[in-house]
Amino acid sequence: MAQVEEQVSNKQVLAAGHITGNPKQTDMYLQSSTISLQLPPEASSDAVLVKNLYLSCDPYMRGTNKTNTKRLFYSFSPDSLIIGYGVCKVLDSKHPDFKKGDLVWGVTKWEEYSIITMTDSLFKIEHTDVPLSYYTGILGMPGMTAYAGFYEVGVPKKGDYVFISSAFGAVGQLVGQLAKLMGCYVVGSAGSKDKVEILKSKFGFDGAFNYKEEQDLDATLKRFFPEGIDIYFDNVGGDMLEAALLNMRRRGRIVVAGMISQYDLDEPQGIKNLVNIIYKQIRVEAYTVYDYYHLYPKFLEIILPYIREGKITYVEDIAEGLESGPAALEAMFTGRSAGKQVVLVAHE
């Protein structure tokens, strides 16, 4: 007689309906299912069963207009599991590169236990002398985004004048600190007085401003960069990009990591001042982190010593319990998070 595998409860977070724009707490709901803590015999040869420990709230986790299939963001469909980056512990594996007990980070599902078959998106965690939650942020996808954008796309030099929009986010705060460690002059924009103060006092930015209080962004940038900007690390697009174009130095570089101000618009905002790209020989380059994951070992060689030596500061906002996930995701989009927003699902 075949042995029946023991089933355990598995709490999950699902989309209540088709989500467009920034997800709200009411757009999601919790349910409980059951799962075996062993992979079924029919599981594919690359399947991995994991216990989710931490889940990451990130700006790409947005709904889209269901008629627009060309946009890059994950489309939440009714009653589908929320998907995102997380830190997990392997409980069972058919994949040759992962074994029971391994700690990994990568794309998972918003539930207590997950069967993952997209194992090419999993990275084994070799260094556990730093908090595991860091692999949702500074040592995970956001950290790699910052590293690739600043070093590989921005090609910085000591003494460069660097401006970062949305500088308090998980990507922006690291870009700013990497720039400071390289000997650059760094200014960032954020959405509150408190965040502006933290950028200067905790992250070491030379200057920062609350973009919500500035009436003339061109004048603001001229105030902070009287000699112009060498590198603009753009996370928002729109009016900020337009102002930055007016203030770039000759042969400046605009690193386009995101355009969060444009994602909800039915008609994307037109950008004036593009002629400055010609006049000033500005290089504008967009990128995605997926093209740079092959550099992850090199990234760790640089970032881990900085963290261990206290040369880089990292701020997290950890919400406890899977049930807190919907509220945490909403808080990240509304700017209420006091640092990188993380959801603690379970301890190792």
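## Close-up views of a predicted chain

**View 1. Helix α1 and the residue after it.** Just after α1 comes V155, and its phi is positive, near 45 degrees. Helices here (H or I, at least four residues) and strands (E, at least two) are DSSP runs, numbered from the N terminus. Keep in mind that this is a predicted model, where local features need pLDDT of at least 70 and side-chain atom pairs count only at pLDDT 80 or more, while totals for chains, interfaces and linings use all residues. Residues are numbered from 1 along each chain as its sequence is written, and side-chain values use heavy atoms, with hydrogens and water left out. Back to the helix: α1 covers residues 141-153, and 11 of its 13 residues are buried, so the rest of the structure largely encloses it. "Buried" means under 20% relative accessible area, "exposed" means over 50%, and "partly exposed" is in between (1.4 Å probe, protein chains only). Among the buried ones you'll find M141, Y147, F150 and V153.

**View 2. V130, in the loop ahead of α1.** V130 sits in the loop between β7 (122-124) and α1. With 6% relative accessibility, V130 counts as buried. Which residues does V130 touch, once its neighbours within four places in sequence are left aside? They are Y135, L139, L304 and I307, where contact means heavy atoms within 4.5 Å. V130 also shows how a chain folds back: R308 is 178 residues away in sequence, yet the two C-alpha atoms are 7.8 Å apart in space.

**View 3. S165 and its partner Y232.** You'll find S165 in the loop between β8 (161-164) and α2 (170-181). S165 is buried, at a relative accessible area of 0%. Its side chain makes a polar contact of 3.0 Å with the side chain of Y232. (A polar contact is a pair of N or O atoms within 3.5 Å; within protein, one must be able to donate a hydrogen and the other to accept it, and residues adjacent in sequence count only if both atoms are side-chain atoms.) Beyond four places in sequence, S165 is in contact with several residues, including S189, F233, D234 and M240.

**View 4. The nonpolar patch around Y279.** V275, I278 and Y279 make a nonpolar surface patch of about 360 Å². Patches are built from residues with over 30% relative accessible area and no salt bridge, joining like charges within 9 Å and nonpolar side chains (Val, Leu, Ile, Met, Phe, Trp, Tyr) within 5 Å. A salt bridge is a side-chain nitrogen of Lys or Arg within 4 Å of a carboxyl oxygen of Asp or Glu. Areas come from the Shrake-Rupley method with a 1.4 Å probe, and for residues only the protein chains shown count as cover. Y279 belongs to helix α6 (residues 276-279) and is exposed, at 63% relative accessible area.

**View 5. Two loop residues with positive phi, D79 and Q281.** D79 isn't a glycine, but its phi is positive, about 65 degrees. D79 lies in the loop between β3 (48-56) and β4 (83-93), and it is partly exposed, at 48% relative accessibility. Q281 isn't a glycine either, and its positive phi is about 55 degrees. Q281 lies in the loop between α6 and β13 (283-286) and is partly exposed too, with a relative accessible area of 37%.

**View 6. Zooming back out.** The chain has 8 helices and 15 strands. Buried residues make up 53% of its 348 residues.
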